[in-house]
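Please explain how the strands in one part of this structure are arranged and paired. A guided account for a newcomer would be welcome.

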Amino acid sequence: MADRKVVQGTLELLILRTLLFGPLHGHGIAKHIQRTSDDVLQVEHGSLYPALRRLEKSGCITSKWEQTDRGREMRMYRLTVRGRKQLTIEQSRWDELVRAMARVLKPV
Amino acid sequence: MKKDRDEELEHEIRTHLDLEAEERVANGMSETDARYAARRAFGNVMRTKEDVRAVWTRRWLDEIVQDVRYALRTLRKSPGFTTVAVLTLALGIGANTAIFSVVNAAILQPLGYPQPEQLRFLTTRSADGEQGEVSAPEYFELTELNQSFSVVGAFVVGEVNLWARDRPRRATRARVNAELLEALAVPPERGRWFRREETRFGGPAVAILSHELWRSTLAAREDMVGQSIEIDGVRHEVVGIMPPGFDLMDKRVELWLPLQLDPAVRQYRSSHFLSVLGRLKNGVAPEQAEEELASLVASWGERVGVSGHVFTPGGHVMQMEPVLDEIVGSARRAFWVLQAAVGLVLLIACANLANLLVARAEVRRREVAVRTAIGAGRRRLLAQFVAEGLVLSVLGGAVGVVIAWTGVRALTVTYPESIPRVADITIDPAVLGFTLLVSVMTGVVFGLAPLGHLPEGVAGPLLNDRTRGTTATRPWVRRALVAGEVALAVVLVTGAGLMVRTVLNLMTVDAGFERSRLVTFGVALPAATYPTFDQRVQLYRRLIDRFGAMPGIDGVSTVSGLPPQREHNGFGTDTEDYTPPPEVADSVDYYQTVTSGYFETMGIPIVRGRTFQRTDRTGAPVAVVNEAFVRTFWKGIKPIGRRVRPRFGDQTPWVTVIGVAKDVKQAGVDQATGTEVYFLLDQLPRIFPTIPGPQLGDWSGWGHGSMHIMLRSALPAATLQPAIADAVREADPSLPIIRLRNMDDVFRDSVRRPRMLMQLFAGFAGLALLLAAIGTYGVLSYMVTQHRHEIGIRMALGAERAIVLRTVIGHGLKLTCVGLVAGLAAAFVLTRLMETLLFEVRPNDPATLAAVAALITAVAATASLVPAVCATRVDPIVALRDE
């Protein structure tokens, strides 16, 4: 199966969606996106970090360095109230877009 | 701070890679392969770091660069649109910059003297509000009485014959006293100023040159200072050269001579001929000085111990104003009006561009929708529209500067006499700053216009709209823009129309004589080479005889003051059977000296009595007066045979009036004609036994050192030029021929400022009309495209082409009507600002407004015609199949 690059803008949506289930570190987010999309969405792990910073900057998520059970220093990302709101907005917007795109792309 | 962030990121990425590798090792990969795979899954680490850093710091900068790049790319993709947009803007911005250059140089820039705000120009004002010069006793008394000025100087501007490079030349000269140079406080470029003792009666023949005269006429000789030059037949020693651009009251002075007032002029209290300019003492506020002057005026008579023609509050007073105000004068309003007009042109250009961009935005709705979908926020979209607007306006501004530069050159070449301080006009940093400001503002304004036209930045509705195939979301935006353009165009065209009417009125004013087929030039006889009155008369007579015998010349005469505009030279005059009411000066406004045959040559009708005849040369003193004289002094009294006496010394005899001539314009065609008395040149020694010339010097015009030769001929000045040059050279090779012109050109020159205003206004109005027409055309063709389907159906159902045509044109005219009404209302208010610039036409002149309405409607109909014809060509089958 060919890799599907995630379009910009949607990545943030995916991150927010992932964090809905609880705080997670960067690697965990990447893995979760890959797993839940049955490996269709191949997130280039590196592209995750600018997106995380953008979300942090806009106040949708916060981050904190935490010690894991295995004694590793990890930066954990957590959804904020604002992030939750943004997620619902983005989600409905996305749904609308998908419907619209489907109509546009449907051969006449 | 940044280092910490970098370290954190570094740590985070390292952990990420470790985890990924561990996971892969757990899945059975070798340690090396796992590490490699982890890196591959991560992508370019360096780029990630850079991207993250961009989020922290360079985001907005990057975005701008990105937006500008994107804007350039999209604009390059539609060169037609870009060219139209940039050219429209360039014209608007260029015209604005050019006019602003003039406003800046002429009105806003301070004068080029040290502390110019300290300089005050002093004038007198008569009881009837007429502003005038200062008489010699008034000047001397002011210098003695005042406490506010550190120095007060006097000057008289005139012309001289200059002998340079073996040729005679006329040059503008200012006679100034040393005090004036001290007041202006600009040191000479070479040499020195006049010393105070050099500008007293009996002082030496010295001269200071302007830099420009030294460079052009005197070939910039290095050893000029100390050399002598011949001025009016007298050798003058050059003592200094002034720096480039140095001038006085915008008179374009080429030569500075010492003002050496004869002490005797202190008795001519009513002979106002001095221009007076003072420099306020440091720390003295202008208001303080004005207060002091007012209090001086209140007690002037007491202080100087005189009565009769002395300053009195509310009557004849002395007043002061900033020098710049005097220089710019009436031009100020003219140029602000022009600036406003050209600003309206730019507004129209912006409206047009906004319209183009709205149209484009509609075409690009899908693009916008897709960009919104992939994460472009409303803010980014906005930024992109503004970036596009800015790129367009900066490009337009750049081309505009080129246009402005050309425009300024054209203005200064075309209207050198109509623009104050024309030499100072440049496109300087202030002007460039103005252009930049205008460009950026226009960019933002019309860049935002299409965004306002878009619905809230949600992707869905946009895409939906398209699929439903509805028409424009808010069509009224474009229509309002076009109606607005029409309204602005109406204002401009009305202004232009009023100026056209003004110039037409000015050009057709009855100046009192037949101006066509009339050629004129001046000769000036210096006192040094023509010391006696008889010698001067002899030379004029020789020229008259010579021209009279010349083929192609039907009449020749001479006159001291050239109509329709000449210097005011009146003074107190006794008039028989007339007692002036108190507080009213009994001055005749204009004295005119002519040779016999003047009225015949000029074609001035004699309404009563007779003109001068050859026998009058030796007969008793006689005079001809004008109708205004009779109206003013002898209302209801038979003028012929009555007498007048100029109050010029005790020996002046009474002069009998023999005729009344029709009024001839003297103060300009737009001014009321003043009272005028004509004397015969040959009789002057008998009318003025003591000719005031020697006392007053050459500025009074009473020595008749200069006369205008009038030639009635079917041949134009250019054709007559060689013969005239020969005749004058033969009479005296040292005499320059002064301003040889057709009388028609003299008239054209006398209304040059209204003409300039008219031409520029007409140009701007034309531009405005063109832009408004393009706007109307654009909206209608868009409408026709949008409604092709509907038009197709109608035509399929049998609608006639004429109906379709009428519908589309009707739409255009509806828009125009809205604009026309709004525009006429605005014009009604705005043209009032032009009132002082108009002549014999009121700002809300119904005929002009009607003509404007007709013109605008015609232009709109024409602009609508093309889309209308397009609409009739819609093939119903094609239109329907399209859908």
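Within strand 21 of chain B, Ala661(B) is the bridge partner of Ile606(B). In this predicted model, that pair belongs to the contact between strand 18 (residues 606-609) and strand 21 of chain B, which run antiparallel and are joined by 3 bridges. Ala661(B) also serves as the bridge partner of Asn626(B). Here the neighbour is strand 19 (residues 622-626) of chain B, which runs parallel to strand 21 and is connected to it by 5 bridges. Strand 21 itself is mostly covered, since 5 of its 7 residues are buried.

Strand 21, spanning residues 655-661 of chain B, is also joined to strand 20 of chain B by 2 bridges, and these two strands run antiparallel. Val655(B) in strand 21 is the bridge partner of Val644(B), while Thr656(B) in strand 21 stands opposite Arg643(B).

The account now turns to strand 20. Which of its side chains are buried, and which are not? The side chains of this strand (residues 643-646) alternate: those of Val644(B) and Pro646(B) point to one face and are buried, whereas those of Arg643(B) and Arg645(B) point to the other and are not. Strand 20 of chain B is further joined to strand 15 (residues 571-575) of chain B by 3 bridges, in an antiparallel arrangement. In this pairing, Arg645(B) of strand 20 is the bridge partner of Asp574(B).

For the wider setting, the domain assignment of chain B gives domain 1 (2-43), domain 2 (127-315), domain 3 (331-507 + 752-882) and domain 4 (518-713). The centres of domain 2 and domain 3 of chain B, taken over C-alpha atoms, are separated by 52 Å.

Notes:
Residues numbered from 1 in each chain as written. Chains lettered and ligands numbered in written order. Predicted model: local features only at pLDDT ≥ 70, side-chain atom pairs only at ≥ 80, totals over all residues. Domains from an automatic or database assignment. Buried ≥ 20, exposed ≤ 12 C-beta atoms within 10 Å, placed from the backbone. Helix = DSSP H or I, 4+ residues; strand = E, 2+ residues; numbered from the N terminus. Pairing = 2+ DSSP bridges.
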